[in-house]
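Me: I have a structure to go through at the bench. Can you take my questions one by one?

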Amino acid sequence: MTSWQALADEDARWGEAGRVAELWWRDDDASDVTPSLDRLVELARDTGTPLALAVVPAQATSALAERLADEPLVDVLQHGYAHANHALAPEKNIELGTQRPAMMTLGELATGWMALERLFGSRALPVMVPPWNRIAPVLVPTLPEIGYRGLSTFGPRARVHPVRGLLQVNTHVDLIDWKGGRVFAGEDAALGVLVTALERARSGGGEPVGILSHHLAMDAGAWDFLRSLCERMRTLENIRVRPSRALFGP
C-alpha cells in the first residue's frame, strides 16, 4: 500500500462513519514579500486551498499587507511579537516564556496585535501562534484577557479550550525535518504522520488536523509535496480543508 493510498483509505473510513475530517494549513514566519512568499500564496490560489499565514508583527511590512490585499484565501494569525529567543542555554528557544516579566511580554503582544490590525484589518484574526510553538503555561490564561480568542501550537491538544474564552487548534504535520538537516521530512513520513493524526481525530473528538509549512525554509521536495497534497485534497470526499477563520470563528 502506498502512502497516498493509506490517505485515501482513511478518507473512506471517515465516510463510512458518516463524518467529515477537518484539515487546515498554517505557514509560519512571514514578515515581508519574498519569492518564497509569492510562491506560497500562488500555490494557495492555484489549488484553491485556504492558508493561515502566521505573521511576525514587529517585522511585518506594508508591502506584505499590499501583497495579501487581493488574496481572499489567506488569513493572518499573530506569530508572537518579534520571534526573539529569550531562553538561556540549554533551554529550548522560546519568546513567550517566563524569562522576562509577564507584563513586558503581554505589552509586546498587544503592540504586535495593533500593528497587525493596522496593516491587515479584518484579515487578521486574534489567534496567537507562539514562535517555536512554545508558550509558558502561566501565560495562557492571560491571552483571552488581552483579546485573543485562539491559540495554535503543535501536536495533539490537551483540551479544546485550555482556558475559558480560548480555543486551541493545533498543527500536527511538520513538512521539515529540523533535526535532520532542515530538509523535507519525506513523502512517506509526512503522509504517515498525517494519516495517524486523522485516525486519532476519528477515534477521538474530531480535532482539526493541521499541516505546518515554513515558506522561507522549504526545499524543492517540500514544495512539490505541498502542491501534491493540496491537489489531492480536492479529490477526497470526506477530508475538507477549512479556512482558519471558520475554525476559530469570525
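Reply: Yes. Keep in mind that this is a predicted model. One pair to begin with: Arg67 is buried, and Glu71 is buried too.

Me: How far apart are the closest N and O atoms of Arg67 and Glu71?

Reply: Both residues are buried. Their side chains form a salt bridge. The closest N and O atoms are 3.0 Å apart.

Me: Is Glu10 buried or exposed?

Reply: Glu10 forms a salt bridge with Arg13, with 3.4 Å between the closest N and O atoms. Both lie in helix H1 (residues 3-16), three residues apart, about one turn of the helix. Arg13 is partly exposed, at a relative accessible area of 36%. The relative accessible area of Glu10 is 0%, and the cut-off for buried is under 20%, so Glu10 is buried.

Me: Which helix holds Glu231 and Arg227, and which residues make up the salt-bridge network?

Reply: Glu231 and Arg227 meet in a salt bridge at 3.9 Å, N to O. Glu231 is partly exposed at 40% relative accessibility, and Arg227 is partly exposed at 30%. They sit four residues apart, about one helical turn, in helix H6 (residues 220-233). As for the network, salt bridges with shared partners join Asp38, Arg45, Arg67 and Glu71.

Me: How many salt bridges does a search of the whole structure find?

Reply: The pairs above are among them: Arg13 with Glu10, Arg67 with Glu71, and Glu231 with Arg227. The search of the whole structure finds eleven.

Me: Which residues are closest to the centre of the largest pocket?

Reply: The largest pocket has a volume of about 510 Å³. It is lined by 17 residues. Strand E1 (21-30) and strand E8 (176-177) are the elements that give two or more residues to this lining. Closest to the centre are Trp132, Asn133, Arg134, Asp174 and Trp178.

Me: How many residues of each class line the second largest pocket?

Reply: The second largest pocket holds about 200 Å³ of space. Of its 14 lining residues, Leu151, Thr153, Ala158, Gln168 and Asn170 are the closest to its centre. For the largest pocket, the lining divides into five nonpolar, five polar and seven charged residues. For the second largest pocket, the classes are seven nonpolar, five polar and two charged.

Me: With which residues is Tyr81 in contact, leaving aside its neighbours within four places in sequence?

Reply: Tyr81 is in the loop between strand E3 (74-78) and helix H4 (102-120). Its relative accessible area is 22%, and buried needs under 20%, so Tyr81 is partly exposed. Ala8 is 73 residues away in sequence and 39 Å away in space, C-alpha to C-alpha. The contacts are Val56, Pro57, Ala58, Glu95, Glu108, Leu109, Thr111 and Gly112.

Me: How many residues of strand E10 are buried?

Reply: Strand E10 covers residues 209-213. Val209, Ile211 and Ser213 point one way, Gly210 and Leu212 the other, and all are buried. The strand is mostly covered, and its buried count is five of five.

Me: Which residue of E10 is the bridge partner of Leu23, and which of Val173?

Reply: E1 and E10 run parallel and are joined by five bridges. Strand E7 (residues 173-174) also pairs with E10 in the parallel sense, over two bridges. The partner of Leu23 is Val209. The partner of Val173 is Ile211.

Note on methods
Residues are numbered from 1 along each chain as its sequence is written. This is a predicted model: local features need pLDDT of at least 70, side-chain atom pairs count only at pLDDT 80 or more; totals for chains, interfaces and linings use all residues. Side-chain values use heavy atoms; hydrogens and water are left out. A salt bridge is a side-chain nitrogen of Lys or Arg within 4 Å of a carboxyl oxygen of Asp or Glu. Buried means under 20% relative accessible area, exposed over 50%, partly exposed in between (1.4 Å probe, protein chains only). On a 1 Å grid over the protein atoms alone, a cavity is a set of points where a 1.4 Å probe fits but cannot get out, and a pocket is an open set with protein on both sides within 12 Å along at least five of seven lines; lining residues have an atom within 4 Å of a point. Grid points are joined across faces, edges and corners, and a volume is the space filled by probe spheres set on the points. Ala, Val, Leu, Ile, Met, Phe, Trp, Tyr, Cys and Pro count as nonpolar, Asp, Glu, Lys and Arg as charged, and the others, Gly among them, as polar. Contact means heavy atoms within 4.5 Å. Two strands pair if DSSP finds at least two bridges between them.
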